[in-house]
Amino acid sequence: MGASLSNLTENGAANGAPGLGDIPESCVACVFLYLTPPEICNLARLNRAFRGAASSDAVWEAKLPRNYPQLLELMPPERYQNLSKKDIFALLSRPVPFDDGNKEIWLDRITGRVCMSISAKAMSITGIEDRRYWNWLPTEESRFHVVAYLQQIWWFEVDGIVKFRFPPDVYALSFRIHLGRFSKRLGRRVCNYEHTHGWDIKPVRFELSTSDGQFASSECCLDETERDDAHGNQKRGGWVDYKVGEFIISESEPATEVSFSMKQIDCTHSKGGLCVDSVSIIPRELRDRRRGAVK
């Protein structure tokens, strides 16, 4: 098989038989409609016809979400004017910040589906202005380079809201949380659990609701050390995505408003030692592929 492939040239096989170079560019473009963007880019290196098809606007238009012009509106026009559809896909595959840089959207590079992340900076956090309870920690472990760290509080409540024209899909919403305070010492990552307490007594309640009447909720104890060790789970020492629920978008218009919250407001005990990074809203299928996710 290797010998036969080596005989394929830009203009056909050396013995005069048809080769890859003889396939019309329009036919190659039709095949590319069924491939993923990484597969298209790899095949573009084969010959001129494949390179031409891999740059076709028709091919890349099919990979972009239907409402991609609205996503481009989040950027200055000079960043996307006169770009090919391929270049627009590449542009939107990188994080696009909005809302003062506290939210980001991007396209998944394999499926072209829309993902979103919302920083803790964009959320309403009870007691965040009082440094006896909360602090903002700079870190490279967050895409927003900062996380909210809770030392101790009785009334724990984090709320957020986003209004956006999501493309039709089934989306999962998750909170990204870390038990303990982490830092680097002598080049190594270390975690301090001095303030971590209260999360094993009663569960945290997660909720989401949408402007079209959808609702989901879940509950989870964030710190169950004995149970986690028995099942091989490691909630302490790493970031964990806690799934709140799912919602369905049937049409991009009008924009859907999504409200979400995380709370433990039982004032019979204090709780602390927790980092809140962000909320992710991504297509359900993509979310299920992630590691470290708690259902």
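Helices (H or I, at least four residues) and strands (E, at least two) are DSSP runs, numbered from the N terminus. With that in hand, let's start the tour.

**Before you click.** You have a predicted model open, where local features need pLDDT of at least 70, side-chain atom pairs count only at pLDDT 80 or more, and totals for chains, interfaces and linings use all residues. Residues are numbered from 1 along each chain as its sequence is written, and side-chain values use heavy atoms, leaving out hydrogens and water.

**Stop 1: colour by confidence.** pLDDT is the predictor's confidence in each residue, from 0 to 100. Its mean over the protein is 87, and 86% of the residues reach 70 or more. Now select residues 1-10: pLDDT stays under 50 there, and the model has twelve contacts (heavy atoms within 4.5 Å) for them beyond four places in sequence. Residues 229-233 are also below 50, with two contacts in the model beyond near neighbours in sequence. Where pLDDT is low, the predicted coordinates should not be read in detail.

**Stop 2: an open sheet.** Show five strands in the order 6-9-16-13-14, an open sheet with antiparallel pairing; two strands pair if DSSP finds at least two bridges between them. Which strands stand at the edges? They are strand 6 (124-125) and strand 14 (215-220); each has a single partner strand, so one side of each is left without a neighbour in the sheet. Next, pick strand 13 (residues 204-210), which six bridges join to strand 14 in an antiparallel run. Val204 makes a good landmark here: Cys220 in strand 14 stands opposite.

**Stop 3: a nonpolar patch.** Select Ile265, in the loop between strand 16 (256-264) and strand 17 (274-283). Its relative accessible area is 34%, so Ile265 is partly exposed (buried is under 20%, exposed over 50%, partly exposed in between; 1.4 Å probe, protein chains only). Add Trp154 and Trp155, and you have a nonpolar patch on the surface with about 300 Å² of accessible area together. Patch members have over 30% relative accessible area and no salt bridge; like charges are joined within 9 Å, nonpolar side chains (Val, Leu, Ile, Met, Phe, Trp, Tyr) within 5 Å. A salt bridge puts a side-chain nitrogen of Lys or Arg within 4 Å of a carboxyl oxygen of Asp or Glu. Areas come from the Shrake-Rupley method with a 1.4 Å probe; for residues, only the protein chains shown count as cover.

**Stop 4: backbone details.** Go to Pro254, in the loop between strand 15 (239-249) and strand 16. The peptide bond from Glu253 to Pro254 is cis, with omega near -5°. Finish at Asn82, which is not a glycine yet has a positive phi of about 65°.
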